[in-house]
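Colleague: I should like to learn how to read a strand in a model of this kind. Could we begin with the way its two faces are examined?

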Amino acid sequence: MDVCSLFNFTLVTVVIVVVLLILLVSRSLQWPVNVPPGPTGYPIIGCLHQLRNKNILELCRELRQRYGDVYSFRIGPNLTVVISGVEALKEAFIKQADDFSDRTDGYIQDVLFQKKGVSTSEEHWKHTRSFALSTLRSFGFGKRSLESRIQEEITAYLEILEKQNGEPYNMKELTVVAVSNIICNIMFGNRFEYTDEKFKRLTSLFAEGFRLSSVAGAVQIFPVLRFLPGDLFSMKRLTEIIFDIKDFVADQIQEHRNTLEEENPRDFIDAFLVQQRKHEAGDPLFDDMNITITIVNIFPAGTDTTATMIRWAILYLIHNKSIQDKLRQEIMKVVGTSRLPSLANKPDMPYYGAFITEVFRVGNISPLSVPHGARKDIHFRGMVIPKGSTIIPNLDSVMSDPELFEDPDKFLPERFLGPDGKLNGKERNVMAFSLGRRVCMGESLARMELFLFMTSLIQRFEFLPESQDKLPSLDGIVDFLRNPKDFSCRVVKLQ
Ligand code: HEM
């Protein structure tokens with residue numbers, strides 16, 4: 001580095017530190033004295049170092065033991081408040097839903113997403129969400145009409161698995177593309193071949209985007225960091241990814257506009273375009289940017305989540321041969337082998353219900369949900385959560401609570417079954433899709449996909465480890481989602 005660049009670098013760093021100091025001092029002076037308790041941390045960074053050095057879930061468990069169900073810590077100038085345990089979560093996100101249903105502001109929402117779509121807090125969020133949900137329902141969410149399209153996808157998926165001839169195989173990419181095709185079908189009215197390189201690249205961008213959102217979190221908190229030379233916090237890469245996905249969606253919208261028949265909407269985009277024509281030009285609810293960002297929100301959210309859950313389910317099948325056999329017996333009794341399982345069979349399969357609930361609990365793919373935000377000072381349990389705070393629904397605190405689930409580290413589907421062999425109601429505590437007004441928009445689709453994929457897989461194949469002495473790891477890697485480590489397994493066709 002020459003003297004001139006060294007001087008520029010030092011100058012930029014000094015300016016950033018001064019700006020951070022000013023921000024920090026002015027923000028914390030505005031906080032009331034009775035903010036939720038928590039560790040003090042260091043000047044400027046607060047507890048950022050702890051987040052970098054520790055497993056975030058372990059840290060949250062430790063802090064809950066020390067400070068109780070509602071605690072806070074500072075990251076730079078921002079206060080983060082964590083809400084844990086079934087009672088506190090329900091009190092906040094259901095009873096006080098008016099206060100707790102907003103999202104945080106930040107560079108990603110404000111600049112990259114231009115405050116549009118379903119994941120922001122702007123005034124049209126509610127209308128966009130309810131329009132999107134009712135449109136998704138009319139294209140089959142939770143309905144039989146979508147079932148046959150999912151089954152077609154599953155048939156193609158099973159064929160590829162069969163071609164592996166029971167050799168060790170990593171199902172990750174195939175599963176992501178298959179699940180993504182279902183969202184594509186609803187959104188764009190078409191599916192892509194598993195060999196389509198453009199589509200494979202797009203779905204790999206979703207996973208990379210999810211992973212980087214947690215690294216780029218530092219820029220959300222300190223937007224000024226994005227001006228640092230290089231791409232230390234991956235915000236430049238994340239921006240590229242979001243623009244790539246936006247471009248793909250924008251092309252789809254243009255193609256749909258060219259072939260739209262208003263009286264015969266084919267999919268989600270058509271339904272949006274029909275409304276766009278009916279409303280005044282410039283209506284923010286139906287402008288192109290709102291359609292694009294809504295799809296950019298839903299598309300990855302509906303792909304990596306369900307695909308990750310399928311991989312957790314397979315891992316637990318490999319580790320628990322007797323549970324795998326029991327599930328297969330139930331499928332054979334209710335469905336047999338001559339056809340694929342259908343949604344109508346679901347009520348007759350309580351063991352599947354117990355199994356998938358246990359996978360939701362231990363897979364725990366969204367342990368800290370998606371951050372919410374305080375748009376004003378919120379009074380909660382005698383404390384004040386200051387305006388601008390980030391609020392975390394700590395779903396992990398419920399999944400691993402020994403008061404709710406005895407021996408929480410054990411994989412035991414039976415814990416959800418009563419003496420009559422039916423679900424016993426404890427499944428309602430497994431809040432994998434969060435709760436309140438922001439509860440996952442895709443819950444019914446995800447449940448439908450998981451049932452059809454998992455039962456068809458277990459009906460056709462036995463899942464075995466790569467070799468008997470090499471069971472895959474059950475450890476999770478937590479970034480935005482909690483993912484299993486990559487693994488291969490043998491998918492053996494049943495006779
Ligand atoms: C097993 C699968 C899934 C899990 C565990 C899951 C979990 C979650 C969680 C925890 C949230 C955050 C809720 C909150 O802010 O408190 C969320 C939000 C969301 N999910 Fe899912 N999800 C899954 C599948 C899907 C699918 C299939 C779709 C798409 C169709 C989807 C679309 C969304 C959207 C759009 C939001 C944001 C909602 C809003 O901000 O109003 N998810 N999901």
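Modeller: In a regular strand the side chains alternate between the two faces of the sheet. In this predicted model, both faces of β2 are covered: Asn78, Thr80, Val82 and Ser84 lie on one side, Leu79, Val81 and Ile83 on the other, and all are buried.

Colleague: How many residues of strand β2 are buried?

Modeller: For β2, residues 78-84, the count is 7 of 7.

Colleague: Which strands pair with β2, and in what sense?

Modeller: Strand β1 (residues 70-75) pairs with β2 in the antiparallel sense, over 6 bridges. Strand β7 (residues 390-394) runs parallel to β2 and is joined to it by 5 bridges. Isoleucine 83 illustrates both contacts: valine 70 stands opposite this residue, and its bridge partner in β7 is proline 393.

Colleague: What is found between the strands of the hairpin of β1 and β2?

Modeller: There are 2 residues between the strands, and glycine 76 in this hairpin takes a positive phi near 55°.

Colleague: Let us turn to the metal. Which protein atom is a donor of the iron atom of the ligand?

Modeller: The only protein donor is SG of Cys440, at 2.3 Å. Cysteine 440 belongs to the loop between α18 (396-399) and α19 (443-460).

Colleague: What lines the second largest pocket?

Modeller: That pocket has a volume of about 620 Å³. Of its 24 lining residues, Arg61, Asn364, Asp396, Ser400 and Asp409 are the closest to the centre. By class, the lining has 8 nonpolar, 7 polar and 9 charged residues. Its largest share, 5 residues, comes from α3.

Technical notes. Residues numbered from 1 in each chain as written. Predicted model: local features only at pLDDT ≥ 70, side-chain atom pairs only at ≥ 80, totals over all residues. Heavy atoms only, no water. Donors = N, O, S within 2.8 Å, 3.2 Å for Na, K, Ca; no water. Helix = DSSP H or I, 4+ residues; strand = E, 2+ residues; numbered from the N terminus. 1 Å grid on protein atoms, 1.4 Å probe; cavity = no way out; pocket = protein on both sides within 12 Å on 5 of 7 lines; lining within 4 Å. Points joined across faces, edges and corners; volume = space filled by probe spheres on them. Nonpolar A, V, L, I, M, F, W, Y, C, P; charged D, E, K, R; others polar. Buried < 20%, exposed > 50% of the residue type's maximum accessible area, 1.4 Å probe, protein only. Pairing = 2+ DSSP bridges.
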